[in-house]
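Please open the model in your viewer and keep the sequence alongside. The stops below are meant to be selected in order.

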Amino acid sequence: EATERHRARRLLLRLAALTGLGLDVSRCGPALARGSMAKAALHALGGIEGLPAVDAVDVALILSADHELNASTFAARVAASTGADLYACLSAALATFSGPSHGGACERVEALVDEAGSPDRAVEALRSRALRGDPVPGFGHPLYPDGDPRVAPMLEAALPLGGARLETLLALVDAMAALGHPPPTLEVGLVAIRCSLGLPRGSAEALFALGRSAGWVAHALEQRRAGFLLRPRARYVGPTSPSTP
């Protein structure tokens, strides 16, 4: 397992360096030389690499790392239970993460910020959504009725860095609270850090996946040690016999 841990550390750093692959491939090599996932991701995404920015990305990565048996983590464990290698386990997790109800939720929060456009239009944007019957993404986590505990540290890390988009997002958070709606979820915190750092669109989802990848590795290694195949059973709940007159 020591060899696998070494492989995992190298893999995670390379994933961080590749987060900006679609933006500028020339950044990948220098990003890899930064030595830490936070510094590598910041360089790859074209962010300013000062200490506050690195700290903010670290907060995002750490708080995204693990969240029990969420869908993508369970996918990684299922793959690991079959004996699949680490690369296959992370591929299974990433495929699951790509769904709009998981990693894609960050993009919907970004769209909400775009719709508001400025802090003074936050309430109007929310009311427009309500009139259309559209949901407001990034609020109301089913596991945290009193609020997602991961959000406050992210907002605390983002606030000193400022930014116009961050102000709009915070206005939306305040407006949701004033209107009696549920508190924000992890995705709002991730988008807040993205906005405060001025990173390109999609960076919140990238940081989410990058942080969670460390958790996927840990779960995959743990599942291998458990040594059994994950094979849930299905229970038929349909008709037991053809209907009769």
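This tour of a predicted model goes through aromatic pairs and then a surface patch.

**Stop 1: Phe97 and Phe208.** The model holds two aromatic pairs. For one of them, select Phe97 and Phe208, whose rings meet edge-to-face, 4.9 Å centre to centre and with 80 degrees between the planes. Colour helix α6 (residues 86–97) and helix α12 (residues 203–226): Phe97 lies in α6 and Phe208 in α12, so this pair ties together parts that are 111 residues apart in sequence. Are these two residues, Phe97 and Phe208, buried or exposed? Both Phe97 and Phe208 are buried.

**Stop 2: Trp216.** Keep Phe97 selected and add Trp216. Phe97 and Trp216 also form an edge-to-face pair, with 5.9 Å from centre to centre and 75 degrees between the planes. Trp216 is in helix α12 and Phe97 in helix α6, so the pair ties together parts 119 residues apart in sequence. Phe97 has a relative accessibility of 3% and therefore counts as buried. Trp216 is buried too, its relative accessible area being 1%. Now show Phe97, Phe208 and Trp216 together: they form one aromatic cluster.

**Stop 3: the surface patch.** Clear the selection, turn on the surface and pick Leu18, Leu21 and Val25. These residues make a nonpolar surface patch of about 270 Å². Where is Leu18 found? Leu18 sits in the loop between α1 (2–17) and α2 (28–32). With a relative accessibility of 43%, Leu18 counts as partly exposed, because that class lies between the 20% limit for buried and the 50% limit for exposed.

Definitions and conventions: Residues numbered from 1 in each chain as written. Predicted model: local features only at pLDDT ≥ 70, side-chain atom pairs only at ≥ 80, totals over all residues. Heavy atoms only, no water. Phe/Tyr/Trp six-rings, centres within 6.5 Å; stacked < 30°, edge-to-face > 60°. Helix = DSSP H or I, 4+ residues; strand = E, 2+ residues; numbered from the N terminus. Buried < 20%, exposed > 50% of the residue type's maximum accessible area, 1.4 Å probe, protein only. Patch = residues over 30% accessible without salt bridge, like charges linked within 9 Å, V, L, I, M, F, W, Y side chains within 5 Å. Areas by Shrake-Rupley, 256 points an atom, 1.4 Å probe, with all protein chains shown as cover. Salt bridge = Lys/Arg side-chain N within 4 Å of Asp/Glu carboxyl O.
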